[in-house]
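Please consult the sequence and the three-dimensional structure shown here before reading on.

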Amino acid sequence: MEEISSKLPQIEHDLSKAIQGIKDIHIKFEATDVISDTACFGRLQFKEQKPSLPGLKTVNFQTGKIKVLFKIEIKGDFVSGIFFNDDIIITDYSKNRIVYHDNNGNQTGVLNIPNYPTDITKVNDRTVAVSSNAQKIFIINVKPLTLTKTLDTKVPTWGLCLVENEYITAYSNTIYWLNAETGAKIKELATGVDTRFVTCCKTNEYVYMNNTNSIKLESADGKGFQYNSSSLSYPYNQEIDEDGNIYVVGYSSSNIHQLTPTGQLIRIIPLSDIDNTITKYPWVMRFKRNTNRFLLTFNHRQVQF
């Protein structure tokens, strides 16, 4: 029964997503007066709507409450992580290792690596890439956990995301684009602040900290914006949910600012609303794609899920 119960939220979400792809379409013909020498006899009214099922919950990312499902004990500095398919992979900076967990947070594997891991991103369904501030990117096979390749980036490397065939990383006032095959630098962008992470929405669209109390979304289609707030401090990391809402993690302000896709503030979520026992700094927030579940890590503290 416990196993079935643990899977109910995911089943409910999958069913909700499937229903969102179904559309009720109604066409109504409304007759009007017929006028001679005209081809107009009336008009068609086209109506499209999404169906709903009684008793089925739908997720509202802008108003929904946050509930901690479980905690993973990884104590140390600069803990990061991602969802990998149905599981969770954590980078343990303090112990130079990658730790694999199942979808209930149980540890199932460990891989020691030569240098401090600073972030992780999914490459494909078999492989992840792990960055290190030793100017390296480690390519790791997941099952079994095996280091298969090391890229020497020759540039400062911290956060990591992959878009098409380019890694995007940031460290020490600069964002770098790297060739995913060789690690060679393609281009760079000065930020003027200690940017650590770049969140990639899609090709030529990304979010990063551009000041100690602001973030900036760069977009090639001219839809970029800057968000500033006096209640936001050192927003190193950002995340985006399936509806396009942006989450800005305030490292020193101990809160999360939720924004619309166009940069309007929806709400500010204090960490105490998530767990009133949190006393350390939030570091990385990552959603499990196409769900309402997210991973939240801390400096010098355990991981929250």
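The briefing below covers a sheet, two nonpolar cores and some backbone features.

This is a predicted model, in which local features need pLDDT of at least 70, side-chain atom pairs count only at pLDDT 80 or more, and totals for chains, interfaces and linings use all residues. Residues are numbered from 1 along each chain as its sequence is written, and side-chain values use heavy atoms, leaving out hydrogens and water.

**Sheet**
- Four strands (DSSP runs of E, at least two residues, numbered from the N terminus) form an open antiparallel sheet in the order 4-5-6-7, where pairing requires at least two DSSP bridges.
- Its edges are strand 4 (80–84) and strand 7 (107–112), each of which pairs on one side only.
- Strand 4 is joined to strand 5 (residues 87–92) by five bridges, and Gly81 stands opposite Ile90.

**Nonpolar cores**
- A nonpolar core is a set of buried (under 20% relative accessible area, 1.4 Å probe, protein chains only) Ala, Val, Leu, Ile, Met, Phe, Trp, Tyr and Cys residues joined through side-chain atoms within 4.5 Å.
- The largest core has 14 residues, of which Ile89, Ile98, Ile113, Val128, Val130 and Ile140 touch the most other members.
- Apart from it lies another core of 13 residues, including Phe61 and Met285.

**Backbone features**
- Most residues other than glycine have a negative phi, and most peptide bonds are trans.
- Lys143 and Pro144 are joined by a cis peptide bond, with omega about -5°.
- Gln135 has a positive phi of about 60° and is partly exposed (from 20% to 50%) at 33% relative accessibility.
- Lys154 has a positive phi of about 65° and is exposed (over 50%) at 66%.
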